[in-house]
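This report introduces a structure to a reader who has not met it before. Please look through the sequence and the model before reading on.

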Amino acid sequence: MSDHPYTTLTCLACGHQITVPVYCKNRFCPVCAGPRHKRLRKKLQWYCSNAHLLPGQTLKHVVLTVKSGPDLETTVNHLVRSFRKLRQRKWWKSHVSGGAYVIEITRSDAGWHPHIHAVVQSWFMPYKTFKTAWDSVSGAWGVSVCERPGYVIANYLTDYITKLPKDITDSKAMSDILGNRRLFSPFGCWHSLKCPSFKVTFPCPKCSQSLWIPEEILDRQFSRDGPKMKFDHLPHTSART
Ligand SMILES: [Zn+2]
Ligand SMILES: [Zn+2]
């Protein structure tokens, strides 16, 4: 990954510079994976522990699949559309109040095989009727439901999103198809949960403050003669005037 894009960050407090990778838009890039993986896990864990469970509800890990197909985009679109249809069904609405989902893609000799992994906040979901409901919207029977603690489901979901494909050459096609989609999508009442942004901060190794500024902003905001930020020129106000 020697051709990976990097940028320089400058510490506003002491001027120390570090080089960090710029997100290269490949979801499966190992150089970029670290901080994103961490942030994602935190977000999903936040959702799971801040869901307002109604009496009788628990969190469940739901997996939905469709038939494998030769064209990745068509298969992923069919999966996502089917899941949207399912969420509009009366059956779904009377069992599930909300949740979030991610897409995992695998490939075998039969073709591309995308899955939806969802954490759902629900009452008891009878397996047979769930399968029938999924079949009626997707034409496939791939359903699994498992009750698990929220943090466990959050960990699973994070790993599915960031898992590298068996054949590394698949990662470009997978990333291209998933590129316009959110890493995970809340639905139902989870839409109204206000998840914090969970910025990953790291302290400067010289002065231990976390005030980094990227080079493109540094060039714009600092004059050539020295580090003079715009706010340095603001007039000082005095309490006595
Ligand atoms: Zn990258
Ligand atoms: Zn510093």
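The text below covers the nonpolar cores, the aromatic pairs and one buried lysine of this predicted model.

The largest nonpolar core has 30 residues, and those touching the most other members are Leu-64, Phe-83, Leu-86, Trp-92, Ile-103, Phe-130 and Trp-134. At least two residues each come from strands E3, E4 and E5 and from helices H2, H3, H4 and H6. Helix H2 gives the largest share, six residues. A second core, separate from this one, has 18 residues, including Leu-44, Trp-46, Val-119 and Phe-184.

There are 12 aromatic pairs in the structure. Two of them are set out here.

| Pair | Centre distance | Plane angle | Class |
|---|---|---|---|
| Tyr-47 and Trp-190 | 5.8 Å | 10° | stacked |
| Phe-83 and Tyr-101 | 5.1 Å | 80° | edge-to-face |

Tyr-47 belongs to helix H1, whereas Trp-190 sits in the loop between strands E7 and E8, 143 residues apart. Tyr-47 is buried at a relative accessible area of 7%, and Trp-190 is buried at 0%. Because Phe-83 is in helix H2 and Tyr-101 in strand E4, their pair ties together parts 18 residues apart in sequence. Phe-83 is buried at 0% relative accessibility and Tyr-101 at 10%. Ring pairs also join Phe-83 and Tyr-101 with Trp-91, Trp-92, Phe-130 and Phe-187 in a cluster.

Lys-60 lies in strand E3. Lys-60 is buried but forms no salt bridge, and the nearest oppositely charged side chain, that of Glu-147, is 4.7 Å away. The Lys-60 side chain does reach the backbone oxygen of Trp-123, at 3.3 Å.

Conventions:
Residues numbered from 1 in each chain as written. Chains lettered and ligands numbered in written order. Predicted model: local features only at pLDDT ≥ 70, side-chain atom pairs only at ≥ 80, totals over all residues. Heavy atoms only, no water. Helix = DSSP H or I, 4+ residues; strand = E, 2+ residues; numbered from the N terminus. Buried < 20%, exposed > 50% of the residue type's maximum accessible area, 1.4 Å probe, protein only. Lys, Arg positive; Asp, Glu negative; His and termini not counted. Salt bridge = Lys/Arg side-chain N within 4 Å of Asp/Glu carboxyl O. Polar contact = N/O pair within 3.5 Å; in protein donor to acceptor, adjacent residues only side chain to side chain. Core = buried A, V, L, I, M, F, W, Y, C linked by side-chain atoms within 4.5 Å. Phe/Tyr/Trp six-rings, centres within 6.5 Å; stacked < 30°, edge-to-face > 60°.
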